[in-house]
Amino acid sequence: MYRWKLSSQEPCSMTCSIGVSKSLAMCVRYDGIEVDDVYCDALTRPEPVHDFCIGRECQPRWEASSWSECSRTCGEGFQFRLVRCWKMLAPGLDSSVYSDLCIEAQLERPPERRACKSPTCGPQWEVAEWSECPAKCGRRALVTREVRCSDETHACDEATRPASTKNCTGPPCERQWTASEWGPCSGICGHGKTVRHVYCKTPEGRVVPESQCSPENKPLAIHPCGDNECPPHWLAQDWERCNTTCGRGVKRRTVLCVGITGGKVQINEEEECDSSKRPVDEDTCFERPCFKWYTTPWSECTKTCGVGVRMRDVKCYQGRELVRGCDPLTKPVNKQTCALQPCPTEPPDENCQDRPTTNCSLALKVNLCSHWYYSKACCHSCRNLRAS
């Protein structure tokens, strides 16, 4: 009169990709009407039947990590997070994919950066870049930088004041002056000049700044010419570079009393030339306005382990005034990565339990423990599988 009959399949366990559907047994009367299970023999009740089912293709999605700590412990900073496009390709294979897939699906990308505000910063030390080392080859000297407090009304902590000087060593001593061939003569005795180029070079032939060669033995770049015999007269070399990189400074040049005897250049005592006609050997010069980059100390790393980000303020000053005239090519970096010790891995949860609504024995059979859902829903069974 009564028998067991397998019911119609339940909906697929996955809305996309490959899932599992389950058919349950129900008790029916001879005419096919479903009745209470007590009418059928419980010993002959068939086991549920599990079949694989294929849903539609899984849609991509944006996944975002948690926000980092604020990049600055005071004032305004930024928080960062990783945003990736993910897609379930198959059970157990939930993978990051090209961002184009999420973009083509017209999914709005979560922001990867947002502003954050900590309590207002107090006075901070700001430092300019180090000056060029003035030491000659092989010698030691000091380089300097300007250190200033960002707040004129409140003093910065002197105990944390950055150093304004440090030792430096001059370039290697093998730098040498080299000169090109002399050019043509430009005129007659007393007016004619012949010019050549003088470079400071490394042994490999690379041209370096003239400050890396000794000025005492620099060859002359300008000689008199015009006749085999030429009485003493004044001859000025080219101006050297301004002694400052910005603002008003001083430039100098070498002025010699020279003549030509028997076709050879002779350097004479200055008294042999007319002192009233001596060219000036020193003059004022002005480079670009003194715009300088200043930086604050680096912030703490945004992570306590692994790879994070640290930041600092970079400002352009002219005197005490914030301006925009600094060279962007020389702007110091304001953000850099910071690598700390590797992050510890989370220990497995020894007390986790399988969800009673999930067929974990089947999940183990079809190797679904690598899937994010089944690894959590069947954490006890999957943990035992990994242990074995």
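In the predicted model, a salt bridge joins the side chains of R278 and D281, with an N to O distance of 3.5 Å. This pair belongs to a wider arrangement, since salt bridges with shared partners link E270, R278 and D281 into one network. Both members of the pair are partly exposed: the relative accessible area is 26% for R278 and 32% for D281.

Across the whole structure, the search returned eleven salt bridges. Among them is the pairing of D31 with R29, whose side chains meet at 2.7 Å, N to O. D31 is partly exposed, at 39% relative accessible area, and R29 likewise falls in the partly exposed class, at 28%. Another of these contacts is formed between the side chains of E112 and R109, at an N to O distance of 3.3 Å. Here, too, the partners are partly exposed, with relative accessible areas of 35% for E112 and 34% for R109.

Side chains of opposite charge can pair when their charged atoms come close. R196 presents a contrasting case, being buried yet without a salt bridge. The nearest side chain of opposite charge is that of E181, 7.7 Å away; a salt bridge requires a separation within 4 Å, and R196 therefore does not form one with E181. The side chain of R196 instead reaches the backbone oxygen of L220, at 2.9 Å. R196 itself lies in the loop that connects β15 (193-195) and β16 (198-201). Leaving aside residues up to four places away in sequence, R196 touches A179, S180, E181 and W182, together with P219, L220 and A221. E181 is thus among the residues contacted by R196, although no salt bridge is made by this arginine.

Nonpolar packing was also examined. The largest nonpolar core comprises eight residues, namely C360, A363, L368, C369, Y374, A377, C378 and C382. Two helices, α2 (360-365) and α3 (372-377), each contribute at least two residues to this core. One core member, A377, touches Q353, D354, R355, T358 and C360 when residues up to four places away in sequence are not counted. Of these contacts, C360 is itself a member of the largest core. A second core, separate from the largest one, consists of six residues, including W177, C200, C213 and A221. A221 also appears among the contacts of the buried R196.

Methods: Residues numbered from 1 in each chain as written. Predicted model: local features only at pLDDT ≥ 70, side-chain atom pairs only at ≥ 80, totals over all residues. Heavy atoms only, no water. Buried < 20%, exposed > 50% of the residue type's maximum accessible area, 1.4 Å probe, protein only. Core = buried A, V, L, I, M, F, W, Y, C linked by side-chain atoms within 4.5 Å. Helix = DSSP H or I, 4+ residues; strand = E, 2+ residues; numbered from the N terminus. Contact = heavy atoms within 4.5 Å. Lys, Arg positive; Asp, Glu negative; His and termini not counted. Polar contact = N/O pair within 3.5 Å; in protein donor to acceptor, adjacent residues only side chain to side chain.
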